[in-house]
Amino acid sequence: MTQIIPGKSKGPRFKKGHVVREEDIPVLLSMGKVNLYVWELEQGMVHENDAARRLASLCLGPGTIAAGEPSEGKIGIKAATDGVLLVNSERLMAVNATDEVMVATRKGGFAVREGDALAGTRVIPLVVREEVLEAAERAAGDEPLLEVRPFTARTAAVIATGSEVANGLIEDAFTPVIVRKLAEFGIEVTLTVKPGDETPDVVAAIDEARAAGVDLIVCTGGMSVDPDDNTPGAIKRAGARIVTYGSPVLPGAMLLVGYFDDDCAEGAAGPSGKKAPVPVLGVPGCAMYNKATVLDLVLPRVAAGVPLTKRDFVVMGEGGLCLGCKPCTFPLCPFGK
């Protein structure tokens, strides 16, 4: 039985198995409990705690663990490792479309740390029919709803385009930003190249990065539609398979994402053990001065070797408008959620 003391606490005051004593009566009355009911297990009915365990089992994929035993019919799921949280959104919706059960998760695609809360499950009533749980289990399918994919990328090359940078007319302020962001995922920048703006020079810099065997290639600058911005064309000419040039996210509409399918960088193995194609990112200039941009939406998955598709960017349109809050609270904001 839950006791609520406004402004102080909310939690179980009397738990299952408690023997009611005379001194408990004033407490029960203060909780609005005038009557006590005896529940007897009927065939085909499941207690909320047992049901919570079954719902939690639908969530428990690689990199996740249950957060203890059920309490008041609820059980949590937490991260067992650092990585990116992956949520099977379609099957999660199918489970939650089943009456009398619920699974609430964090937004998928974002970085989590070991011990972070990922999800919570419960059934709505105190007891639930067996067929309700079976329907939820069918909706979930044969694979878990959640997974935490560990970060696998370890090295990166930054290609800082721009003649003004190559000629030393201005200081390269973009590379330090990328270095800092990548370090959050355990990625070290082992190669920095400043090739200028000409397409052949940018292609040569990309080739140098590929030959160095890095796990990730990041090209900064020159991503706009100006005639002298050659970075997107250079990435394509270098042999990348372009997933998207442009994203429905502000700031960050000019992002380019591609893959070198022929490259198999050491340390970038996916969960199957096979080497993953090397991703290349063309990062728009907004990432240099905005705290949160489209780059922050894709980096967790890139760092974990999760292949990105066009659909991954299409769905970013809903919620992809940064409101420019001061101070920025990304990812705990509408832009990140």
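In this predicted model, Val-218 stands opposite Leu-281 in strand E17 (278-283). Val-218 belongs to E14, a strand that pairs with E17 in the parallel sense over 4 bridges. E14 has a parallel partner in E12 as well, joined to it by 5 bridges. Within that pairing, Cys-219 of E14 is the bridge partner of Ile-159.

How enclosed is E14? Since 5 of the 5 residues of E14 are buried, the strand is largely enclosed by the rest of the structure. Leu-216, Val-218 and Thr-220 point one way, Ile-217 and Cys-219 point the other way, and all are buried. This fits a common pattern: in a regular strand the side chains alternate between the two faces of the sheet.

**The nonpolar cores**

E14 also gives two or more residues to the largest nonpolar core, as do E6, E12, H6, strand E16 (256-260), E17 and H9. That core has 39 residues, and those with the most contacts inside it include Leu-182, Leu-216, Leu-281 and Phe-313. Which element gives the largest share of this core? It is H9, with 7 residues. Val-257 is also among the residues with the most contacts inside the core. Not counting residues up to four places away in sequence, Val-257 touches Arg-241, Ile-242, Val-243, Thr-244, Val-280, Leu-281, Leu-308 and Phe-313. Apart from the largest core lies another one, of 27 residues, among them Ala-52, Leu-58, Ala-119 and Leu-145. As a general tendency, nonpolar side chains in soluble globular proteins are buried together.

**Helix H6**

Helix H6 spans residues 174-183, and its buried residues are Phe-174, Thr-175, Val-177, Ile-178, Lys-181 and Leu-182. Why do these residues lie on the same side of H6? They cover an arc of only 160 degrees around the axis, which puts them there. What covers the buried residues of H6 includes strands E12 (155-161), E13 (188-196), E14 (216-220) and E17 (278-283), along with helix H9 (294-303).

**A three-stranded sheet**

Elsewhere, 3 strands form an open sheet in the order E8-E6-E11, with antiparallel pairing. Strand E8 (111-112) and strand E11 (146-149) are the edge strands, each pairing on one side only. Strand E6 (residues 83-87) is joined to E11 by 4 bridges, and Val-84 stands opposite Arg-149 in E11.

**His-47**

Is His-47 buried or exposed? At 11% relative accessibility, this residue of strand E3 (residues 45-47) counts as buried. Leaving aside its neighbours within four places in sequence, His-47 is in contact with Lys-16, Trp-39, Leu-126 and Val-127. A polar atom of the His-47 side chain also lies 3.1 Å from the backbone nitrogen of Asn-49.

**The cysteines**

How many disulfides does the whole structure hold? A search finds 0. Two cysteines show how the sulfur distances work out:

| Cysteine | Nearest cysteine sulfur | Relative accessible area |
|---|---|---|
| Cys-322 | Cys-328, 6.1 Å | 25%, partly exposed |
| Cys-333 | Cys-328, 5.8 Å | 12%, buried |

Why is there no bond between Cys-333 and Cys-328? Their sulfurs are 5.8 Å apart, too far for a bond, because a disulfide needs the two sulfur atoms within 2.5 Å. Cys-322 is likewise in no disulfide.

Notes:
Residues are numbered from 1 along each chain as its sequence is written. This is a predicted model: local features need pLDDT of at least 70, side-chain atom pairs count only at pLDDT 80 or more; totals for chains, interfaces and linings use all residues. Side-chain values use heavy atoms; hydrogens and water are left out. Buried means under 20% relative accessible area, exposed over 50%, partly exposed in between (1.4 Å probe, protein chains only). The arc is that of the directions from the helix axis to the C-beta atoms. Contact means heavy atoms within 4.5 Å. Two strands pair if DSSP finds at least two bridges between them. A nonpolar core is a set of buried Ala, Val, Leu, Ile, Met, Phe, Trp, Tyr and Cys residues joined through side-chain atoms within 4.5 Å. A polar contact is a pair of N or O atoms within 3.5 Å; within protein, one must be able to donate a hydrogen and the other to accept it, and residues adjacent in sequence count only if both atoms are side-chain atoms.
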